Amino acid sequence: MPPSTNRRLGARLALVSPVVAIALLLTGCGDADDDAEPAATSAAPATSAAPTTTAELTAPPTTAGDFPIVVEHALGSTEVPEEPMRVVALDGSVVDAALALELEIIGYTTFRDPNGSLPDYFGEALSAFAPNAEWVGDLTAPNIEAILALDPDLIVSAAVRHELIYDELSAVAPTIMTESAGGGWKDSLRLVGEASGRSELAEQLIADHESRAAEVGAAINAAADDPTISIVRFVDAIRLYQPVSFSGGVLEDAGLARPESQQDREDFIRIISEEELELADADVVIYAVFDDPELIAEVDEALEGPLWGSLGAVQRGEVYAVPDETWMAGVGLFGANIILDDLEEIFGVG
C-alpha cells in the first residue's frame, strides 16, 4: 500500500494539489551533462533542514597519503606535488566532494548568481572548510585571473564544464577533471579523494551513505509495501529521471522501485509530452521545478489542470514537491543524504 494520503510535511516539502501536465520550455537551462543542473544558489524552492554533516558520517579524518601523487582523470594525468591545502572547486559536484573530504575551499563558481554564496544546504561544512571562500566567476566562464590571485594548490572541476579552459587552469595549479557532473558523483568523490590523499576517507563516506540508504529504503518498503516512486522535473520540458541520474541513483541505493517509464539504464532522463503524462504515474510522484520565476509561475498557474490530476498518485494525494536545488543540482554526498532525509519524511519512517 502507498503511504498515508493525508501526511503533512514540514517546511522542506509540500504536499501539493493536482498539477497539469505542460510542455514547459525554458531556454538556456538544459543539461550540460547527464542530470547535473547549474543551480541558482541564491533562490531555491523549499529549503531543506540542516543536513547531516560530514563529521556525523565519517570515521575520524584519515592521514593524507604520500606525495607527489599522479592522478589519472578525464583529461589526462596530473601530478599533485603536495597535500592540497587551498582548493578551487569550479562545479557544484566537486564543491560537495571537497567539503565532504574536509578540504579547504578558497574559490568557487555559481550559476546566474554574480558573487553569490555557496548553498546553505552544506550547513556547518561551510564555516568549517570554506570560511573565506571567494567567488571566481560564473560556472560558464570562470575568471582565470581571480583564480590565479587566490594561489590555489589544487583546482577541481568537471570536464563537461571546463574542458576548453583546462590548459589555462593547469597553468595556474594542478588541475583534475571528473568525468561527470551528475550521476557519477561517487566516482567524482573518489577522484578528489585520490588527488588529496584521502582515498580511504572517500571510500568510508560512500560506504556510510550506501549503508544508510539501504536502511532508509528497507524502512520505506516495509512501511509502504514496496512502493514505486516516480521522479519528475519541470525545466525545459517534462523530464522523468532514470536510475542512472543523480536522484535516481540515490533511490537505487535505497532499493526503491521505479515505474516502468523509469527503467532506462542508458539515458539519464526521458522527455515526455503532456499527452504522455500517464508515464509519470506511480504509487508516489515526487517532482521538482527548476528555480526560474517565470517557470515557477507557469507551474503554479497549471496546478488546476485536469491531465496531471487524472494520475492515480495525484488522486490519492501522493504527490510531493521537493527542492530542485538538492534533488537535481545537489549532486554529491550532501545532496544524496538530504534526499534520504526527504524520503524519510515523505514516508514517515525517520
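The side chains of Asp-236 and Arg-239 come together in a salt bridge, with 2.6 Å from N to O, in a structure that is a predicted model. The two partners can be told apart by how much of each is covered: Asp-236 is partly exposed, with a relative accessible area of 23%, whereas Arg-239 is buried, because its relative accessible area of 2% falls under the 20% that marks a buried residue.

This pair belongs to a wider set, since the count of salt bridges comes to 11. Another of them joins Arg-161 and Asp-91, whose side chains meet at 2.8 Å from N to O. Here the bridge ties together distant parts of the chain, for Arg-161 lies in helix α5, which covers residues 159-162, while Asp-91 lies in the loop between β4 (87-89) and α2, and the two are 70 residues apart. Arg-161 counts as buried because its relative accessible area is 16%, and Asp-91 is buried as well, at 4% relative accessibility.

A further bridge is formed by the side chains of Asp-341 and Arg-212, with a distance of 2.6 Å from N to O. It too links distant parts of the chain, as Asp-341 sits in helix α14 (residues 333-347) and Arg-212 in helix α8 (residues 199-224), with their positions 129 residues apart in the sequence. Both Asp-341 and Arg-212 are buried. Elsewhere the salt bridges form a network rather than a single pair, and this network links Lys-186, Glu-210 and Asp-253.

The loop that holds Asp-91 leads to helix α2, and this helix deserves a slower look. Helix α2 is mostly covered, with eight of its nine residues buried; the buried residues are Ser-93, Val-94, Val-95, Asp-96, Ala-97, Ala-98, Leu-99 and Ala-100. Just after the helix, Glu-102 takes a positive phi of about 65°.

Which helix packs against α2, and at what angle? The partner is helix α7, made of residues 185-195, which packs against α2 (residues 92-100) at an angle of about 55°, with the two axes 9 Å apart. An angle of this kind is neither under 35 degrees nor within 65 to 115, and α2 and α7 are therefore oblique to each other. Their crossing is right-handed. On the side of α2 the contact is made by Val-94, Ala-97, Ala-98 and Ala-100, and on the side of α7 by Ser-188, Leu-189 and Val-192. When the residues of this contact are sorted by character, six are nonpolar, one is polar and none is charged. The spacing of such residues can be read against a general feature of helices: an α-helix has 3.6 residues a turn, so residues three or four places apart point the same way.

A last stop is Thr-175, which is found in strand β9, a strand that covers residues 175-178. Thr-175 is buried, because its relative accessible area is 1%. Leaving aside residues up to four places away in sequence, Thr-175 touches His-73, Thr-78, Ile-155, Tyr-166, Leu-169 and Ser-170. The fold also brings Thr-175 and Glu-79 to 8.7 Å from each other, C-alpha to C-alpha, although the two are 96 residues apart in sequence.

Methods. Residues numbered from 1 in each chain as written. Predicted model: local features only at pLDDT ≥ 70, side-chain atom pairs only at ≥ 80, totals over all residues. Heavy atoms only, no water. Axes fitted to C-alpha atoms, helices over the stretch in contact; angles between N-to-C directions. Helix = DSSP H or I, 4+ residues; strand = E, 2+ residues; numbered from the N terminus. Parallel < 35°, antiparallel > 145°, perpendicular 65-115°, else oblique. Left-handed = near helix turned anticlockwise from the far one by under 90°. Contact = heavy atoms within 4.5 Å. Nonpolar A, V, L, I, M, F, W, Y, C, P; charged D, E, K, R; others polar. Salt bridge = Lys/Arg side-chain N within 4 Å of Asp/Glu carboxyl O. Buried < 20%, exposed > 50% of the residue type's maximum accessible area, 1.4 Å probe, protein only.
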